[in-house]
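Grab a viewer and work through these exercises. Try each task yourself before you read its solution.

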Amino acid sequence: MKAVAAKRRRFGYRRVGVMLERKGMIMNHKKLYRLYSDEGLSVKRRRGRKRARGSRTPMPEATRPNQRWSLDFLSDTFGASRRFRILAVNDDCCRENLCLMADTSISGARVARELDALVRLYGKPASIVSDNGTEFTSRAILKWANDNNVDWHCIDPGKPQQNAFIESFNGSLRDELLNEELFDSLEDARRKLALWRYDYNNVRPHSSLKNRSPADARRTLELFEGSAPGALAQSEPKDYEIQTRRLSL
């Protein structure tokens, strides 16, 4: 009985009894139930939805750009209390925000498309950390992680501290922008998010980076380690200044 119950963990005592009968072990259903209960084989009720466990490998430390990205969602309102959501993607090494995408609805397939765009810009991350939200455990995301050979780590339910970098970023975004501004429309929210993101990445000092900006920290690491993808590597400081002036015009 124990062998059958161990192999068929979701079988109740009746099905276990049928399996035993097929092996020639026949007994009264009352005796079967008594033995089943005495051995502690009762099936435990499942509560809550099924959750993706993600990768079983240890979560790597973020010691260089693109080694670990973290993802999370925030929400706010615009207009007559209409809600919208914000997808935030950060590089945990240099604290750089890679994406602040706002929309009224964001599916797992939309998240996968945004990740494809970020990979073209910054290169592919070695791993990604997120919670167990339905978008991050959808078939589209599981397929994306498998196709791109990226380790996707899902934190334990109710333990946001396991994704501390993105939680700290969320606090800064809400304190410095979302709680300070009123958004007239979705386009207004997107414009203000883009302006705040530029300031956060290029101007705002970060104490964890010795009061440097994330963009400065990324450039320092890329020049020191040569870890930048071709699209971001700046070989000549003069060329970089010219490109920056063009973007500011």
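## Exercise 1: aromatic pairs

Task: are Tyr13 and Tyr36 buried or exposed, and how is their ring pair arranged?

Solution. Start with burial: Tyr13 is buried, and Tyr36 is too. Here buried means under 20% relative accessible area, exposed over 50%, and partly exposed in between, using a 1.4 Å probe and protein chains only. A quick note on the source: this is a predicted model, where local features need pLDDT of at least 70 and side-chain atom pairs count only at pLDDT 80 or more, while totals for chains, interfaces and linings use all residues. Residues are numbered from 1 along each chain as its sequence is written, and side-chain values use heavy atoms, with hydrogens and water left out.

Next, the pairing rule: rings of Phe, Tyr and Trp (its six-membered ring) pair if their centres lie within 6.5 Å, with planes under 30 degrees apart called stacked, over 60 edge-to-face and the rest tilted. That rule gives ten aromatic pairs. Tyr13 and Tyr36 make a tilted one, 6.1 Å centre to centre with 50° between the planes. Tyr13 sits in helix 2 (residues 13-22) and Tyr36 in helix 3 (residues 29-38), so the pair ties together parts 23 residues apart in sequence. Helices (H or I, at least four residues) and strands (E, at least two) are DSSP runs, numbered from the N terminus.

Now compare another pair: Phe169 and Tyr200 meet edge-to-face, at 5.0 Å centre to centre and 85° between the planes. Phe169 belongs to helix 6 (residues 164-178) and Tyr200 to helix 7 (residues 186-202), so this contact links parts 31 residues apart in sequence. Both Phe169 and Tyr200 are buried.

## Exercise 2: strand 3 and its hairpin

Task: how many bridges join strand 2 to strand 3, and why is strand 3 called largely enclosed?

Solution. Count the bridges: seven join strand 2 (residues 82-91) to strand 3, and the two run antiparallel. (Strands pair if DSSP finds at least two bridges between them.) For a sample bridge, take Leu87, whose partner in strand 3 is Met101. Then look at the turn: four residues lie between the strands of this hairpin, and Arg95 takes a positive phi near 65°. Finally, check burial: eight of the eight residues of strand 3 (residues 96-103) are buried, so the rest of the structure largely encloses it.

## Exercise 3: cysteines

Task: how many disulfides are there?

Solution. Apply the cut-off first: a disulfide is a pair of cysteine sulfur atoms within 2.5 Å. The structure has zero. For Cys93, the closest cysteine sulfur is that of Cys94 at 5.5 Å, too far for a bond. Cys93 is buried at 10% relative accessible area, and Cys99 is buried at 6%.

## Exercise 4: the core

Task: which helix gives the most residues to the largest nonpolar core?

Solution. A nonpolar core is a set of buried Ala, Val, Leu, Ile, Met, Phe, Trp, Tyr and Cys residues joined through side-chain atoms within 4.5 Å. The largest one has 23 residues, and those touching the most other members include Trp69, Leu87, Trp144 and Trp152. Elements supplying at least two residues each include strand 1 (69-78), helix 5 (139-148) and strand 5 (151-154). Helix 4 gives the most, with six residues. To finish, revisit the aromatics: Trp144 and Trp152 also form one aromatic cluster with Phe73 and Phe136.
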